[in-house]
Amino acid sequence: MRSKSNKKLWWIVFALVLVVVAALALWRSDMFTKKEAAIEEEPVEVKQTVPPIKVPEDALSIVDEGATPNDESDDLAAIQSTLDRAAEESKAVYIPPGNYRLSGILTVNGVQLLGDGADEAILTSTNPENGSIDVEGDGAVLSGFAHVYEKTVERGNGANDKNSITVRSATNFTIQSLRIEKASTAGIFIGYESSEGKVIGNSVQDTGADGIHITNGSTNIIIEDNDVRAVGDDTIAVVSYEENSQVTRDIMIRNNDVGYNSKARGISVVGGEDVTIENNRIRDTEMAGIYISVEKEWGTRNVKNIIVNENIIRHTGTRLTSDHPNILVYASQGNLDEVEFNGNMIMDSVHGGIGVWGNGEIGNVYFNGNKLENNKGPSTNFKNGNIHSEGNIGF
């Protein structure tokens, strides 16, 4: 027979458990209420809130080297000469207000290239086949200007020469507060095993391929506070191909606002490890808002350790000929394992809320404390994988 003291202790423990459960429920309710309020305030216009990096007083001006704004002359040679001199003298390069024309690829090798703001300083590439700004070396910085293409061509072979920005084996680089408009291929391409980079507070729109693409074994990259709209493929993509010598890994993607009639997925990991996707707003993409996959179709590597926290995924998978739900986990080959979805809002789908399928090997996929509402099609379609589901609303 239990003693009175044991009964009293049991009731105290039971009461504490009830208090904890109630507190968690209130916390989750408050979290989703705040997210729903944020949805109503989603911006229509592109607004850059991250200021450009301040120009040092001893920076070299491209005008002093012969660049002339707001005319029809080619400024490529003058700007490249300024960058080369700055590398020798360990100085930054300043782009004064105005529009400057580039007839070919500009190379920034370990130098700071700075303007006073994306509405003030504009670099316009006039050759749609050969207009990338290439970032190389250690410590390069691009900030406070716009890079636009005068015209574009079809994506075709996807050559990197047609990107807006191409990061080539660079280390400790920063791309901040740029406005990128038009490119025949990607907006910002990070490849060739680049590392320790930051892509912060940029606006990217109207590209022929991905808005921001991280691949070729690049590591330790932060993609934060960017606005990506109306791009020709994924808005932000982490990709590792079987032919790459290293896997793309240790990528942080947070606080970005993406989609807005983009032609493929929102945020994707197609081969990669140790990727975190959190506090992003994803809407109006033709295919899945969040896409985690290993693709036989494109020969991509395995996927492991992906964390997807507190994102808002709204009205994605809009292409009528597709079956993509708002979130899709897919493997047509290889192995996909340890993928977590925590505290996400998943809303207004066209073809369903969440899908997990494919003939590859899908291991543990976790869904904890997510909210799914107002979806057309099935709430969930789990055809493969070891699915763990706890504390979700709507499924």
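Below, a student and a tutor talk through how the labels given to this predicted model follow from their cut-offs.

Tutor: A word on the ground rules: this is a predicted model in which local features need pLDDT of at least 70 and side-chain atom pairs count only at pLDDT 80 or more, while totals for chains, interfaces and linings use all residues. Residues are numbered from 1 along each chain as its sequence is written, and side-chain values use heavy atoms, with hydrogens and water left out.

Student: Happy with that. What makes Arg101 buried and Glu72 exposed?

Tutor: Buried means under 20% relative accessible area, exposed over 50%, and partly exposed in between (1.4 Å probe, protein chains only). Arg101 has a relative accessible area of 16%, so Arg101 is buried. Glu72 has 67%, so Glu72 is exposed. Across the chain of 395 residues, 54% count as buried.

Student: And why is the contact between Arg101 and Glu72 called a salt bridge?

Tutor: The term asks for a side-chain nitrogen of Lys or Arg within 4 Å of a carboxyl oxygen of Asp or Glu. Here the N to O distance is 3.7 Å, and the whole structure holds 23 salt bridges.

Student: How do you know that this pair ties together separate parts of the chain?

Tutor: Arg101 sits in strand 3 (residues 98–102) and Glu72 in the loop between strand 1 (60–61) and helix 2, so the pair joins parts that are 29 residues apart in sequence. Helices (H or I, at least four residues) and strands (E, at least two) are DSSP runs, numbered from the N terminus. The chain comes to two helices and 36 strands by that count.

Student: What makes Arg179 and Asp119 a salt bridge?

Tutor: Their side chains meet at 3.8 Å, N to O. Arg179 belongs to strand 12 (residues 179–183) and Asp119 to the loop between strand 5 (112–115) and strand 6 (121–125), 60 residues apart. Arg179 is buried at 16%, whereas Asp119 is exposed at 64%.

Student: Which residue forms a salt bridge with Asp134?

Tutor: Arg168 does, with the closest N and O atoms 3.0 Å apart. Asp134 is in strand 7 (residues 133–136) and Arg168 in strand 10 (residues 165–168), 34 residues apart. Asp134 has a relative accessible area of 6%, so Asp134 is buried. Salt bridges can also join up: Glu65, Arg85, Glu89 and Lys91 are linked in a network.

Student: How do you know that the length of helix 2 agrees with its number of residues?

Tutor: The expected span of a helix is 1.5 Å times one less than its number of residues. For the 14 residues of helix 2 that should be 20 Å, and the end C-alpha atoms are 20 Å apart, so the two agree. Its buried residues are Leu76, Ala78, Ile79, Gln80, Thr82, Leu83 and Ala86. Just after helix 2, Ser90 takes a positive phi of about 55 degrees.

Student: What makes a set of residues a nonpolar core?

Tutor: The members must be buried Ala, Val, Leu, Ile, Met, Phe, Trp, Tyr or Cys residues joined through side-chain atoms within 4.5 Å. The largest such core has 70 residues, and those with the most contacts inside it are Leu123, Ile165, Ile292 and Phe341. Helix 2 (residues 76–89) gives the largest share, five residues. Apart from this core lies another of eight residues, among them Val270, Tyr291, Tyr330 and Trp357.

Student: Why is the pair of Phe341 and Phe367 called stacked?

Tutor: Rings of Phe, Tyr and Trp (its six-membered ring) pair if their centres lie within 6.5 Å; planes under 30 degrees apart count as stacked, over 60 as edge-to-face and the rest as tilted. Phe341 and Phe367 have ring centres 5.0 Å apart and planes at 10 degrees, so the pair is stacked. Phe341 lies in strand 29 (residues 335–342) and Phe367 in strand 33 (residues 364–368), 26 residues apart. Phe341 is buried at 0%, and Phe367 is buried at 1%.

Student: What makes Phe367 and Phe382 a stacked pair?

Tutor: Their centres are 5.4 Å apart and their planes at 20 degrees, so this pair is stacked as well. Phe382 has a relative accessible area of 31%, so Phe382 is partly exposed. Phe341, Phe367, Phe382 and Phe395 form one aromatic cluster.
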